[in-house]
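User: Hi! I've just opened this one and could use a friendly tour. Can we go through it together?

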Amino acid sequence: GRIISIIGGREAGSEDGDFESAEFRYPQGLALADPDTLYVADTSNNTIRRVDLVRERVETVVGTRERVFQVETAGPANQVGLNSPWDVLWHDGLLYIAMAGQHQLWVYDPAIREVRAFAGSRREELRDGPLLEAGLNQPSGLATDGVRLFVADTDAGAIRVTEGDVVELRWTS
């Protein structure tokens, strides 16, 4: 292997900027939106960062850098506080966010710069049901087969799936 780029300085922090001066605090999940755009769940900064791989720049696109147990269901992406975003997944022009501390999935629409709740009741529980009524337990991993969204529901020890407008249990330990 050969190092192509290093993104972020040596110190933990929340600064945006070029690859050398940008700072992260516990970056966790990654999603490639296109060959030039990488999204990062910056967990301890409670933000989503966009990395421009061509211009070599990092920019905060979602979150206020404050950890917030969100009671709102939608808002401008730069005005909504996040709660431990753990993973991200790019699918059909949207960025899905596993918010472990919120026990929910959120979705960011970069075209309109808005973020909104997608699934989860905010209650930490293993409960199937309609998207915003289902209970999740610290969702921390996301994947898709192109149709369904699969969720690693960590504290439940379960794999959940969103299919249509419901969340269902697929596997548990």
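User: Let me start with a detail: which residue stands opposite D109 in β10?

Analyst: Happy to help! D109 stands opposite E114 in β10. Please keep in mind that this is a predicted model.

User: Got it. How do β9 and β10 pair, and over how many bridges?

Analyst: β9 and β10 are antiparallel partners, with five bridges between them. One of those pairs a bit further along is in the same two strands: V107 has R116 in β10 as its bridge partner.

User: What about the turn between them: which residue takes a positive phi in the hairpin of β9 and β10?

Analyst: That would be R113, with a phi near 55°. The hairpin has four residues between the strands.

User: And on the β8 side, how does β8 pair with β9?

Analyst: β8 and β9 also run antiparallel, over five bridges. In that pairing, L95 has Y108 in β9 as its bridge partner. The β8 and β9 hairpin has four residues between the strands, and H103 takes a positive phi near 60° there.

User: Why is β9 described as largely enclosed?

Analyst: Five of the six residues of β9 are buried, so the rest of the structure largely encloses this strand.

User: Which strand besides β9 is joined to β10, through three bridges?

Analyst: Strand β6, residues 74-76, is joined to β10 by three bridges, and the two run antiparallel. There, G75 stands opposite V115 in β10.

User: Let's zoom out. How many helices and strands are in the chain?

Analyst: The chain has zero helices and 15 strands. Its radius of gyration is 16 Å, close to the 16 Å that the globule rule gives for 173 residues, so the chain is as compact as a globular protein of that length. The C-alpha trace spans about 45 × 35 × 30 Å along its principal axes.

User: How much of the chain is buried?

Analyst: Buried residues make up 46% of the 173. As for the outside, the accessible surface comes to about 8900 Å², and 47% of that belongs to carbon and sulfur atoms.

User: What share of the contacts comes from residues 24 or more positions apart?

Analyst: They account for 37% of the contacts with a separation of 6 or more.

User: Now the inside. Which residues have the most contacts inside the largest nonpolar core?

Analyst: Those are Y39, I48, V62, V88, I97 and Y108, in a core of 18 residues. The elements that give two or more residues to this core are β2 (27-34), β3 (37-42), β5 (57-62), β8 (94-99), β9 (104-109) and β10 (114-119). β8 gives the most, with three residues.

User: V62 caught my eye. What is V62 in contact with?

Analyst: Leaving aside neighbours within four places in sequence, V62 is in contact with N46, T47, I48, A77, L82, Y108 and V115. There is also a second, separate core of 15 residues, which includes A119, L131, L136 and V167.

User: Switching topic: in what order do the five strands of the open sheet come?

Analyst: The order is β11-β15-β14-β13-β12, with antiparallel pairing. β11 (129-130) and β12 (139-144) stand at the edges with a single partner strand each, so one side of each has no neighbour in the sheet.

User: And in the middle of that, over how many bridges do β14 and β15 pair?

Analyst: Strand β14 (residues 158-163) and strand β15 (residues 166-172) pair over six bridges, in the antiparallel sense. E163 stands opposite V166 in β15.

User: R160 is a charged-looking letter to me. Is R160 buried or exposed?

Analyst: R160, which is in strand β14, counts as buried because its relative accessibility is 0%. The R160 side chain makes a polar contact with the side chain of D153, at 2.7 Å.

User: Last one: where is F150, and what does F150 touch?

Analyst: F150 is found in strand β13, residues 149-153. Not counting residues up to four places away in sequence, F150 touches G141, L142, A143, T144, D145, I159, R160 and V161. At 24% relative accessibility, F150 counts as partly exposed. The C-alpha atoms of F150 and E72 are separated by 24 Å, and these two residues are 78 residues apart along the chain.

User: Thanks, that was a great tour!

Technical notes. Residues numbered from 1 in each chain as written. Predicted model: local features only at pLDDT ≥ 70, side-chain atom pairs only at ≥ 80, totals over all residues. Heavy atoms only, no water. Core = buried A, V, L, I, M, F, W, Y, C linked by side-chain atoms within 4.5 Å. Buried < 20%, exposed > 50% of the residue type's maximum accessible area, 1.4 Å probe, protein only. Contact = heavy atoms within 4.5 Å. Pairing = 2+ DSSP bridges. Polar contact = N/O pair within 3.5 Å; in protein donor to acceptor, adjacent residues only side chain to side chain. Rg over C-alpha atoms; globule rule 2.2 N^0.38 Å. Areas by Shrake-Rupley, 256 points an atom, 1.4 Å probe, with all protein chains shown as cover.
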